[in-house]
Amino acid sequence: MDAKAKASQALAKATKKGTLAGLKQTDVQSVLESLKPQIAQALPKHLSADRMIQMATQVIVKNPKVAECSAASLIGAVMQASILGFKPSDSLGQVYFVPYGKSVQFQIGYKGYIDLARRSGQIKTLYAYGVYENDHFDYELGLEPKLTHKPAPTDRGELTGVYAVAHYKDGGFNFVVLSRDEVERLRLRNAFQKSKPSGAWATDYEAMACAKAIKQLSKYMPLSEEMQSAFVSDEGIIQPDNFSNDQTGNLDADGIYPEADDVDVEVVTEEVNEETGELFSNDQQ
């Protein structure tokens, strides 16, 4: 029996039509094995198709709510994770498959963005941290922008905001600071989020907030094609037919529903004057 026949046979066992609900691990694996050639073609060199299928199978089997989502949205999420080279494991924090209604939403964690930045070859370092009420945190704009953060050694109190910083290989840096209110505004722009955080926002609020800071900072960063693809797909519902026939991962904008996340934030940039070699700052809103 070929892979496609095994996948069809496995899907027929689902307790809910069009999903992977109630399937055993071997059946879920059979469904994903039918996509092995496409996954292998999409993956970067540091990941194997077998490893990707194994990890995706574990995510689906361990979370019944994810298994109850449409098989199409699950397959789309696995394919997009493959293209971006993300390991689909919540503990790694690169990407999350989050059940919303009948579909899986593809959510990128801040560790996923940092991994992409390292691969881009243009960014020296990229990081993001949460700020708590008992931390010492201060930043200045203007001609000599500065940012200082000293976490409290014991009781840090409540999360008050987040920030992200990018240093470039050719000199200069950017940083962006988001208050807790700004993070909430961004979170609530996702149509699937309500007043009470849900999904990855409920279990990993600080990590998701840091991802928001990086996403805002990205508007001022040199982006690789991988990172552009990541920002388009983040918090979207992806269908298998959104991918081009050659499996390059080009997405059809009509088939993906990313959040609208424009918000005014303070961005600090320091750049290099190519003629004098001096650093100068550029404060942007």
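Ala, Val, Leu, Ile, Met, Phe, Trp, Tyr, Cys and Pro count here as nonpolar, and Asp, Glu, Lys and Arg as charged; the others, Gly among them, count as polar. By that scheme, the lining of the largest cavity divides into five nonpolar, no polar and four charged residues. The structure is a predicted model.

**Overall fold**

The protein has 285 residues, and 49% of them count as buried. Its secondary structure comes to 11 helices and nine strands. Among contacts with a separation of 6 or more, 62% join residues 24 or more positions apart. The accessible surface is about 14300 Å². Carbon and sulfur atoms hold 48% of that surface.

**Cavity and pocket**

A search of the whole structure finds one cavity of 30 Å³ or more. Its lining consists of Ile108, Tyr113, Trp201, Met208, Ala211, Lys212, Lys215, Asp234 and Glu235. Helix H10 gives the largest share, four residues.

The largest pocket is lined by 19 residues. Nearest its centre lie Val59, Asn63, Ser89, Asp90 and Tyr96. Three elements give two or more residues to this lining: helix H4 (49–62), strand E1 (95–100) and helix H9 (200–203). The largest share, five residues, comes from H4.

The table sets the two spaces side by side.

| Space | Volume | Nonpolar lining residues | Polar lining residues | Charged lining residues |
|---|---|---|---|---|
| Largest pocket | about 350 Å³ | nine | six | four |
| Largest cavity | about 30 Å³ | five | no polar | four |

**Helix H7**

Helix H7 spans residues 110–120. Its buried residues are Gly112, Tyr113, Ile114, Asp115, Leu116, Ala117 and Ser120. One of these, Tyr113, also lines the largest cavity. What do the buried residues of H7 pack against? Their partners are three helices and two strands: helix H6 (71–84), helix H10 (205–217), helix H11 (225–233), strand E2 (103–108) and strand E3 (123–132). In an α-helix, residues three or four places apart point the same way, because there are 3.6 residues a turn. Just after H7, Gly121 takes a positive phi of about 80°.

**Gln107 and Lys194**

Two residues illustrate opposite settings: is each buried or exposed? Gln107 lies in strand E2. Its relative accessibility is 0%, under the 20% cut-off, so Gln107 counts as buried. The side chain of Gln107 makes a polar contact of 2.7 Å with the side chain of Gln105. Leaving aside residues up to four places away in sequence, Gln107 touches Val95, Tyr96, Val98, Tyr100, Asn190, Ala200, Trp201, Met208, Asp234 and Glu235. Among these partners, Trp201, Met208, Asp234 and Glu235 also line the largest cavity. Another partner, Tyr96, is one of the residues nearest the centre of the largest pocket.

Lys194 sits in the loop between helix H8 (180–188) and H9. Its relative accessibility is 55%, over the 50% cut-off, so Lys194 counts as exposed. Beyond residues up to four places away in sequence, Lys194 touches Arg187 and Leu188.

Methods. Residues are numbered from 1 along each chain as its sequence is written. This is a predicted model: local features need pLDDT of at least 70, side-chain atom pairs count only at pLDDT 80 or more; totals for chains, interfaces and linings use all residues. Side-chain values use heavy atoms; hydrogens and water are left out. On a 1 Å grid over the protein atoms alone, a cavity is a set of points where a 1.4 Å probe fits but cannot get out, and a pocket is an open set with protein on both sides within 12 Å along at least five of seven lines; lining residues have an atom within 4 Å of a point. Grid points are joined across faces, edges and corners, and a volume is the space filled by probe spheres set on the points. Buried means under 20% relative accessible area, exposed over 50%, partly exposed in between (1.4 Å probe, protein chains only). Contact means heavy atoms within 4.5 Å. A polar contact is a pair of N or O atoms within 3.5 Å; within protein, one must be able to donate a hydrogen and the other to accept it, and residues adjacent in sequence count only if both atoms are side-chain atoms. Accessible areas come from the Shrake-Rupley method with a 1.4 Å probe; for residues, only the protein chains shown count as cover.
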